[in-house]
Structure formats: C-alpha cells, structure tokens
Amino acid sequence: MSEKKLPFFMKTHSCPACGTSGSHRQFRSRTFAPATIESDSHPLTYTWSDPQLVQVHPPLYFLYFCTSCFFASPSENYVDPESVLYNRVGNRAFTHARANNDKIIELLGQRIDYDKLNFESALWMHLLAIYTQLLREEELRDHYTIARLYLRMAWLYREENRAKCSKTETPVEEKTEDSTQTAVLEALSAFDAILHQGNEGRNQVATTLKADAPRRRGRNADVYMKSLTTMERLFEALHSEAYRLKSTFNQSYVTAMQTSDKSYDTAFLDEIKTSWVYAPVEEAEALRNAIEHFEKAIASDSRLNSPDAFFRTSALIVDLELRCNDLDAAFKKVRGIIGSIMKDRQNILAKINTTENMSHKMELQKQLSSANRSIERATDLHYQIVDMVVEREMPKINAILKEHTQSTTGQKKVALLANGISHGIIEHLQKKKVV
C-alpha cells in the first residue's frame, strides 16, 4: 500500500508585522473542495482530489501565525499584506501593543502550538487574529474581515459541540432538575442577546451623532463623548457580570461532565475573558459578534456596494439571526433588504438614462440585471421569514380573530395591530385571505 501524503507543502513568508521569515502550510492547488455546505457557508464535508492525501481538517489551517511576534491573520492577508484594508495602520497598532506587553497577545501567542495544529490552537489563533484586528481605531477597522473571523470561530465551536454530542450516549428522560438548569441557561442566553442588541443600539447612537457633528460645529462634543464612553463601559461591565453568572452556574451544576469533554482549556478561556470582555466563549456569542461587524461592513465597506454583494451579506446576517433564535431581528432585517436594493436599482436606472458612453452603459446594464436578481432573491427570503413569523404567531392571531368573528376586516386589522401584530404580517394574512 502506497504511503499517504500531506495535502500541503511548507513555504516561507515574511511576517507583515515584524518581518521575520517563517514556514507556513500552503495547500496544493485543487486538493480539496467543500462538498456539503450549511446555510451560513460552513462546510460540513469535503471532497479530495487524491485518495492518497491525508484528509486534514482545512478550517484549522485558515490562519497564518508568526511564532516571533505572535501576529495572526488569514493566510491570503498574511501573504499579500498590501491588499489589506488599512494595512499599515493595523501593523502600527499591533507593534505598539506588543511594545507595551499587551496581555491578551502574550497569553494567546504563547499558548499556540503552530507546529502541531489542533482544534485548541486554531481556537486561540482565531481569537488572536480577531483581537489584532480590533486594536485599530473603530473607523479604520476592516469590519468584513472581523466578521468573517467571528463566523469561522462560531464554526469551530459548532464542530466541537457536535463532536462532543456524537460521543454521548442516547439521552435519558429529562429530570426536573435538568429542566431548571436548562431554564437558567436559556434565561442567561436571552440576556446575552439583549446585551448585544444594546451594544448595537449604542453603536447606532454613536454613528448618528458623528454624522450630526458638522451641524453642531463642535458644540458639547465633550459631553457627547463622555456619555458614549460611559455607556460603553457600562455595557462591558454588564457583559462581564453576565458571563460571571453563566460561568459560576456552569461550574456549580453543569460542567462536571461537560468540561472534561471539551477539546480546549476552558479555564484558560475564562482567563482571556476577564481581560477581554467580548471574547466569544460559545457559538452563539461568536455569531452575534459576526452579525454586529457584518452590519458595520454593509454600512461602510465599498466592497459590499453592489446589489449582489449587499444581498449575499444581508441574507447571511438573516441566517445568523435565525441561528441565534432571534426571529424578530431576522424579520426586522429582511424587511429593509428589498427597499435598499430597490433604491440602488433606481440609482442605476438614473445613471443609465444620463450616460452616453456605451461601454459605461453596458456595465450599468449588468449592474441592473444583478439588482433585479437580488430583488427576486430578497423577495423570496422575505416571504420565507414572514411565513416563519406567522407560524409562530398563529395561535395568538387565531385567538384574536376568534374574538372578532363578527367584526369587519378593518376592525380585525385594528385588533391585530393593538395586540402587537405588525403591518407586514397583517398584509401577508390578507393575501392568504386569513383576515
């Protein structure tokens, strides 16, 4: 039998931050491809071009890491740093943090075994790559890259959890104390979701105040900044205390069995969490962080300006909201997607009507076709989410309509609105002839 061979070879690259040369794994061309993929682009299985290849787990090798200064980033960014958004700013921020003995970089960097990559080292490397990106000032961050890293970290947690679950025996009938433990964990998770929504709200306030700053001409700037900083500090404290509650509860009641099943050091992750409040310690937390940065990318990143790129990213956000069991947030997001693409479509049409250059007009026609396709896909997604909301609210809707069997359609609509059923859902019910 012929000997198995590795799907990658070692190649030397210079660290974008410190310039030190190091060896990194580069996959051979066309050695593997995703076979089955989940709705958030997470590959479940892979196909391999050669049966003699060692079938490693590709996500573990997504990042490159400098063993000298502990810089970590996606491999394509590491190899071609000049193509990275605000590359020099990022390198200066990282170098400054290292010169000041940044605790998070030091802890994570020393923990990574780059020679023998496993799940744990990949987890620490993803945390380090995210933290490195966050060292920049807010307006100079590459939010799209940060969101991708958070999403990949969520995939790692998902894979680890599935591997753990596959090893457990068939679950026994839930005991009363088990149900109360589940209720506590669900309540804590719901509180986490509320905190993330609060963070997003605070960020929105900061963004709108910044846009309004020219009108104010600097008046009360210190007051606004002080209030925003205080809000940020309070949210950090709330996140920290919420995690302390969850960690204490797990240690007391839940993790006697689970902790030993983890393929990473939970105590070390707790240590990271004490210094970096927003370090994700589970899939849901990583997904919420990904949502936050995808939202920021849509608002500021020119790479997502086209209708197709905007729709794909927006649809991904909707999928992640559903994975966080936040149907209301998904419904709110999907309602705005069609309107945004329609606005882009109108702008493209206006440019077509005023452009005489034929090559430019042909390019705009391609953009218009892309916008039309995106509108169709966005409409389908909207109906899908609306159906999910209607299914959830149907018991409530039926109870309201039963109380108003003799009422007119208008009266029924008023009753539904008064009980929290939105206009969009009522319009959908009318089309289905339910109202």
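**Entry 1. Arg30**

I looked up Arg30 in this predicted model and asked whether Arg30 is buried or exposed. Its relative accessibility is 73%, and because exposed means over 50%, Arg30 counts as exposed. I placed Arg30 in the loop between β2 and β3, the latter covering residues 32-37. I also noted the backbone: phi of Arg30 is near 55°, which is positive in a residue that is not glycine.

**Entry 2. Asn325**

I then turned to Asn325, another residue other than glycine with a positive phi, here about 60°. Asn325 sits in the loop that joins α10 (307-323) and α11 (327-354). I recorded a relative accessible area of 72% for Asn325, which makes this residue exposed.

**Entry 3. The hairpin of β1 and β2**

I followed the chain from residue 8 and found strand β1 (residues 8-14) paired with strand β2 (residues 21-27). The pairing is antiparallel and runs over seven bridges. At one position I saw Phe8 of the pair standing opposite Phe27 in β2. Elsewhere Lys11 has His24 in β2 as its bridge partner. The two strands form a hairpin, with six residues between β1 and β2. In the turn I noted Gly19, whose phi is positive at about 85°.

**Entry 4. Arg158**

I located Arg158 in helix α5, which spans residues 143-167. Is Arg158 buried or exposed? I found a relative accessibility of 3%; since the limit for buried is under 20%, Arg158 counts as buried. I listed its contacts, setting aside neighbours within four places in sequence: Glu38, Asp40, His42, Glu283, Leu287 and Arg323.

**Entry 5. Ala286**

I next examined Ala286 in helix α9 (residues 283-300). Its relative accessible area is 0%, so Ala286 is buried. Beyond its neighbours within four places in sequence, Ala286 is in contact with Tyr150, Met153, Ala154 and Pro280. I also took the distance to Lys4: the two residues are 282 residues apart in sequence, and their C-alpha atoms are 36 Å apart in space.

**Entry 6. The nonpolar core**

I asked which residues have the most contacts inside the largest nonpolar core. They are Trp124, Trp276, Ile337, Leu416 and Ile425, in a core of 103 residues. Helix α12 (residues 358-403) gives the most to this core, contributing 13 residues. As background I noted that nonpolar side chains tend to be buried together in soluble globular proteins.

I examined Trp124 further. Neighbours within four places in sequence aside, Trp124 is in contact with Leu108, Arg111, Ile112, Tyr264, Asp265, Phe268 and Leu269.

**Entry 7. Helix α13 and its surroundings**

I looked at helix α13 (residues 409-418), where Lys412, Ala415 and Leu416 are buried. Why do they lie on the same side of α13? They cover an arc of only 100° around the axis, and therefore share one side of the helix. A general point on helices fits here: with 3.6 residues a turn, residues three or four places apart point the same way. On the face of α13 turned away from the buried side I found the exposed residues Val414 and Ala418. Leu416 is also among the residues with the most contacts inside the largest nonpolar core.

I then asked what covers the buried residues of α13. The cover includes α12 and α14 (423-431). Between α13 and α14, I noted Gly420 just after α13, with a positive phi of about 90°. The axes of α13 and α14 come within 10 Å and cross at roughly 145°. The crossing of α13 past α14 is right-handed. For the residues that meet, I recorded Thr409, Lys413, Leu416 and Leu417 in α13, and His423, Ile426, Leu429 and Gln430 in α14.

**Entry 8. The whole protein**

I closed with the overall figures. The protein has 14 helices and six strands. Of its 435 residues, 43% are buried. The C-alpha atoms fill a box of roughly 75 × 75 × 65 Å, taken along the principal axes. Among contacts with a separation of 6 or more, 66% are between residues 24 or more positions apart.

Definitions and conventions:
Residues numbered from 1 in each chain as written. Predicted model: local features only at pLDDT ≥ 70, side-chain atom pairs only at ≥ 80, totals over all residues. Heavy atoms only, no water. Core = buried A, V, L, I, M, F, W, Y, C linked by side-chain atoms within 4.5 Å. Buried < 20%, exposed > 50% of the residue type's maximum accessible area, 1.4 Å probe, protein only. Helix = DSSP H or I, 4+ residues; strand = E, 2+ residues; numbered from the N terminus. Contact = heavy atoms within 4.5 Å. Pairing = 2+ DSSP bridges. Arc of directions from axis to C-beta. Axes fitted to C-alpha atoms, helices over the stretch in contact; angles between N-to-C directions. Left-handed = near helix turned anticlockwise from the far one by under 90°.
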